[in-house]
Amino acid sequence: MTRAITSTLLSPEAGGPVKRTVLPSGLRVLTQSVPGFRSVTFGVWVGVGSRDEPEQLAGATHFLEHLLFKGTERRDALEISASIDAVGGEMNAFTGKEYTCYYARVLDTDLPLAVDVVCDMITSATLTTADVESERDVIDEEIAMHADETSDHIHDLFAEQLWGRSPLGRSITGTPESVAGLSRQQVVGWYRRRYKPSNIVVSVAGNVDHADVVRLVRKAFERHWVTAEAEPAAVRRGAGKTVPTYGGVQVHHRDVEQAHLVLGMPGLVRSDERRYTAGVLHGIVGGGMSSRLFQEVREKRGLAYSVFTFGSAYADAGMVGVYAGCLPKKAPEVLDVIRGELDSIARGNITPDELLRGKGQMRGSVVMGLEDTGAKMTRIAKAELVYGQLQTVDEILHRIDSVTLDDVAALAAELYAGTPALTVMGPFDEGSTAFTL
């Protein structure tokens, strides 16, 4: 029988060592011990997201995430939630474009319960016809609620504009039409094809012992998957063909009091070594109250309450952009100011003080973002499932400190010269010519 293989990825840093075990089934278990904490966050990450879906299964991954909470062979939906509530813990899940995560945060003494409950959901969900039909209505409500949150929904519309109807451009939740078309047989088939030990990473951070976690996880998964054929761990998603991008202007009419604008363009792929430079640039342009856009758009001109930059990076595509929310009559002027500032920065008009502030923001977000067990759990899981490497915090801070003005100026010139896309939402005619690029 093939034996489990255990290794230490990082010796003590930011709390304790990070250890990794690959079980014979291909399932990977990572832990970080954090002495002094009394909580533990236990996560199960599945290497499947909405971008993996063929168009006829759009929304299936998110649908499945909902269904796994509906019941197993051992627990109904109430028993799943009540078991964690009874010990003062919390449990949830989320679906991304490239992965799905289920997690529970509990006291260290209740880790065995968390492992048993979450792994029971993953391995033995019943996925009944009744549950599929009832949850279909819940997801329709979720889609409608998200559409009402215009400041969030516009980002989905922008992704669709930038990447078209490619899997990256589609909404994670699917549409009411695609969700209505999903049968139980299709969802169950998606579950069986994608939820396999070799495609799963278990990540745990807190007051834990690695050997104890491996024992608990192995027992929980082998309760149902003991006969699963041993497979090597799934190949990490790599860069494939370049995802086509599209520019232009799209105006979406909504009877709302505020206008929403997203101006963006293609960004860096996940593996690009310039991602640290991109983080510093983000801080300079629109990452905080001292950023160029916040000062120009809000503080000096009073044109908008909210304005900030954002970015996303995937295996073979990325985006960068600016969001602003303002009174409809001010939207054209807001757009002009944003474009003017991006053009200025692309020409290298960045000061040494702005560089220092950009670095400081990124350093602070890295360090302070790792001050709870959930963030540590997420960090080591993504290192395994997404990035393929786990850097120490000191290494990351060194990379940030190494960014120069020339680095930022060169990247800004490249990114902001990309073909822009503009998505506008508000009380405008959909054929409005008030917005141009």
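**Exercise 1. Packing of α1 and α4**

Determine in which hand α1 passes α4 in this predicted model, and identify the residues that make the contact.

*Solution.*
Step 1. The crossing of α1 past α4 is right-handed.
Step 2. Two packed helices are described by the angle between their axes and the distance between the axes.
Step 3. For α1 and α4, the axes come within 10 Å and cross at roughly 115°.
Step 4. On the α1 side, the contact is made by H62, F63, H66 and L67. On the α4 side, D131, V132, E135, R136, V138, I139 and E142 take part.

**Exercise 2. The surroundings of T173**

Locate T173, state whether T173 is buried or exposed, and list its contacts outside its neighbours within four places in sequence.

*Solution.*
Step 1. T173 lies in the loop between α5 (150-163) and α6 (176-180).
Step 2. The relative accessible area of T173 is 16%. Because buried means under 20%, T173 is classed as buried.
Step 3. Beyond its neighbours within four places in sequence, T173 touches G59, H62, I139, E142, I143 and V179.
Step 4. One of these partners, G59, is 114 residues away from T173 along the chain, yet the two C-alpha atoms are separated by 4.9 Å.
Step 5. Three of the partners connect this exercise with the preceding one: H62 of α1, and I139 and E142 of α4, belong to the contact between those helices and are also in contact with T173.

**Exercise 3. Salt bridges between separated segments**

State how many salt bridges a search of the whole structure finds, then analyse the pairs formed by D108, E98 and K70.

*Solution.*
Step 1. The search of the whole structure gives 26 salt bridges. Side chains of opposite charge can pair when their charged atoms come close.
Step 2. D108 pairs with R38, with 2.9 Å between the closest N and O atoms. D108 sits in the loop between β6 (100-107) and α3 (111-124), and R38 in the loop between β3 (28-33) and β4 (39-46); the pair links distant parts of the chain, 70 residues apart. D108 is buried at 13% relative accessibility.
Step 3. E98 and R51 meet in a salt bridge with an N to O distance of 2.8 Å. E98 is in the loop between β5 (90-95) and β6, whereas R51 is in the loop between β4 and α1 (60-67), so the pair ties together parts that are 47 residues apart in sequence. Both partners are buried, E98 at 6% relative accessibility and R51 at 14%.
Step 4. K70 bridges to E135, the closest N and O atoms being 3.4 Å apart. K70 lies in the loop between α1 and α2 (77-85) and E135 in helix α4 (residues 129-148), a separation of 65 residues. K70 is partly exposed at 24% relative accessible area, whereas E135 is buried at 7%.
Step 5. Salt bridges that share partners join R51, E98, R270 and D316 into one network.

**Exercise 4. The cysteines C101 and C119**

Explain why C101 and C119 do not form a disulfide.

*Solution.*
Step 1. A search of the whole structure finds zero disulfides.
Step 2. The closest cysteine sulfur to that of C101 belongs to C119, at 12 Å. Because a disulfide requires sulfur atoms within 2.5 Å, this separation is too far for a bond.
Step 3. From the side of C119, the nearest cysteine sulfur is that of C101, and C119 is in no disulfide.
Step 4. C101 is buried at 0% relative accessible area, and C119 is likewise buried at 0%.

**Exercise 5. Two individual residues**

Describe the backbone of L127 and the environment of E341.

*Solution.*
Step 1. L127 has phi near 50°, a positive value in a residue other than glycine.
Step 2. L127 occupies the loop between α3 and α4 and is buried at 4% relative accessibility.
Step 3. E341 is part of helix α11 (residues 331-346) and counts as buried at 12% relative accessibility.
Step 4. Apart from its neighbours within four places in sequence, E341 is in contact with R292, L293 and E296.

**Exercise 6. The annotated domain**

State which residues UniProt lists for the Peptidase M16 N-terminal domain, and give the helix and strand content over residues 28-175.

*Solution.*
Step 1. The unreviewed UniProt entry lists residues 28-175 for this domain.
Step 2. Over residues 28-175, the chain is 44% helix and 19% strand.
Step 3. The end C-alpha atoms of residues 28-175 are 33 Å apart.

Terms used:
Residues numbered from 1 in each chain as written. Predicted model: local features only at pLDDT ≥ 70, side-chain atom pairs only at ≥ 80, totals over all residues. Heavy atoms only, no water. Buried < 20%, exposed > 50% of the residue type's maximum accessible area, 1.4 Å probe, protein only. UniProt positions renumbered as here; feature names shortened; annotations may be inferred. Helix = DSSP H or I, 4+ residues; strand = E, 2+ residues; numbered from the N terminus. Salt bridge = Lys/Arg side-chain N within 4 Å of Asp/Glu carboxyl O. Axes fitted to C-alpha atoms, helices over the stretch in contact; angles between N-to-C directions. Left-handed = near helix turned anticlockwise from the far one by under 90°. Contact = heavy atoms within 4.5 Å.
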